[in-house]
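Let's look at this one together and ask how each label gets earned. Have the picture open as we go.

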Amino acid sequence: MELKEVIGKRRTIRDFQSKEISQDIIRYSIENAFKAPTYNHLRDWDFIIVNSLEAKLQLIESENLEKDIDIKELETLFENEDIVKKEMYLDAIPKQKRMILNAPIVVIVVFKPKIRVEEAKTVYDLNCLASVWCCIENFLLSLAEHDVYGVTFIPQNINKTKDKLKIPVDLEIAAIIPIGYKADDAKILKQKTINIPERIHFNKWD
Ligand SMILES: Cc1cc2nc3c(=O)[nH]c(=O)nc-3n(C[C@H](O)[C@H](O)[C@H](O)COP(=O)(O)O)c2cc1C
């Protein structure tokens with residue numbers, strides 16, 4: 001498949017079929033993930049594959065996702081927001097728990113921070129985070145090439161989740177990624193239209 005086609009195909013999906021994903025696709029996508037650029041040449045990344053209901057329920061509990069969301073409250077919260085952004089949040093927020101439960105696999109991407117995240121002061125200090133996101137994009141593109149999609153959920157309660165998953169204290173979670181085949185009625189949200197020429201600058205900001 002052409003690169004442009006795969007890049008266009010990758011979209012965030014939060015509604016999954018229960019169909020299993022082959023280990024070959026997962027292995028291929030992780031191998032490609034490890035080809036991403038890395039700030040220190042070390043590729044300090046690990047993938048935890050969550051496929052048991054018990055582990056998914058633990059994730060939901062540690063991330064405080066049990067409660068159902070009041071859609072009216074959400075509408076009020078986002079009423080003055082950009083319309084494309086508002087539509088995304090109104091669709092996404094109520095699905096956070098369900099997408100973890102329904103995805104056949106949830107992948108947790110772990111990285112080694114250069115310094116503790118809460119002590120970072122410069123972009124340079126965050127090179128480890130930048131690198132792991134290059135890795136995540138390779139992973140998502142490689143899945144999309146095989147009609148498998150994901151959604152990058154960022155943990156809010158990272159220490160509790162790390163503790164539940166027995167992740168060493170000196171490592172961090174970059175993203176929790178439910179992955180699967182699209183449900184027949186999966187919502188694909190409108191991407192914001194960007195005027196690309198306006199975003200390209202030559203020699204200085206003009
Ligand atoms: C750093 C980052 C954090 C994100 N966090 C969440 C999240 O917590 N929950 C969620 O449902 N989607 C999350 N997303 C997915 C975005 O909502 C999605 O990428 C965006 O709406 C654009 O849609 P697209 O990926 O289909 O182009 C996140 C994406 C990124 C890159």
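Q: What volume does the largest pocket have?
A: This is a predicted model, and in this model the largest pocket comes to about 380 Å³. Its lining has 21 residues, and the closest to the centre are Ile-158, Asn-159, Lys-162, Val-169 and Glu-172.

Q: Which helix supplies the largest share of the lining of the largest pocket?
A: That's H8, with four residues. Helix H8 spans 158-165, and both H8 and S4 supply at least two residues each.

Q: What makes up the lining of the largest pocket by class?
A: Twelve residues are nonpolar, eight are charged and one is polar.

Q: Why is the contact between Lys-9 and Asp-147 called a salt bridge?
A: The cut-off is a Lys or Arg side-chain nitrogen within 4 Å of a carboxyl oxygen of Asp or Glu. Here the closest N and O atoms are 2.5 Å apart, so the pair fits the definition. Lys-9 sits in helix H1 (residues 3-9) and Asp-147 in the loop between helix H7 (127-145) and strand S3 (148-150), so the bridge ties together parts that are 138 residues apart in sequence.

Q: Why can such side chains pair at all?
A: Opposite charges can pair when the charged atoms come close.

Q: How do you know whether Lys-9 is buried or partly exposed?
A: Buried means under 20% relative accessible area, and exposed means over 50%. Lys-9 has 21%, so it counts as partly exposed. Its partner Asp-147, at 40%, is partly exposed as well.

Q: What makes Glu-81 and Lys-85 a salt bridge?
A: The closest N and O atoms of Glu-81 and Lys-85 are 3.3 Å apart, and the limit is 4 Å, so the pair qualifies. Glu-81 has a relative accessible area of 32% and Lys-85 has 35%, so each falls between the 20% and 50% marks and is partly exposed.

Q: How do you know that Arg-116 and Glu-119 meet in a salt bridge?
A: Their N to O distance is 3.6 Å, which is within 4 Å, so the label holds. Glu-119 is partly exposed at 42%.

Q: How many salt bridges does a search of the whole structure find?
A: Ten. There is also a network of salt bridges that links Asp-15, Asp-91 and Lys-95.

Q: Why can Ile-194 belong to a surface patch?
A: Patch residues need over 30% relative accessible area. Ile-194 has 34%, so it passes that mark. Ile-194, Ile-196, Ile-200 and Phe-202 form a nonpolar patch with about 400 Å² of accessible area together. You'll find Ile-194 in the segment after strand S4 (172-181).

Note on methods. Residues numbered from 1 in each chain as written. Predicted model: local features only at pLDDT ≥ 70, side-chain atom pairs only at ≥ 80, totals over all residues. Heavy atoms only, no water. Patch = residues over 30% accessible without salt bridge, like charges linked within 9 Å, V, L, I, M, F, W, Y side chains within 5 Å. Areas by Shrake-Rupley, 256 points an atom, 1.4 Å probe, with all protein chains shown as cover. Buried < 20%, exposed > 50% of the residue type's maximum accessible area, 1.4 Å probe, protein only. 1 Å grid on protein atoms, 1.4 Å probe; cavity = no way out; pocket = protein on both sides within 12 Å on 5 of 7 lines; lining within 4 Å. Points joined across faces, edges and corners; volume = space filled by probe spheres on them. Nonpolar A, V, L, I, M, F, W, Y, C, P; charged D, E, K, R; others polar.
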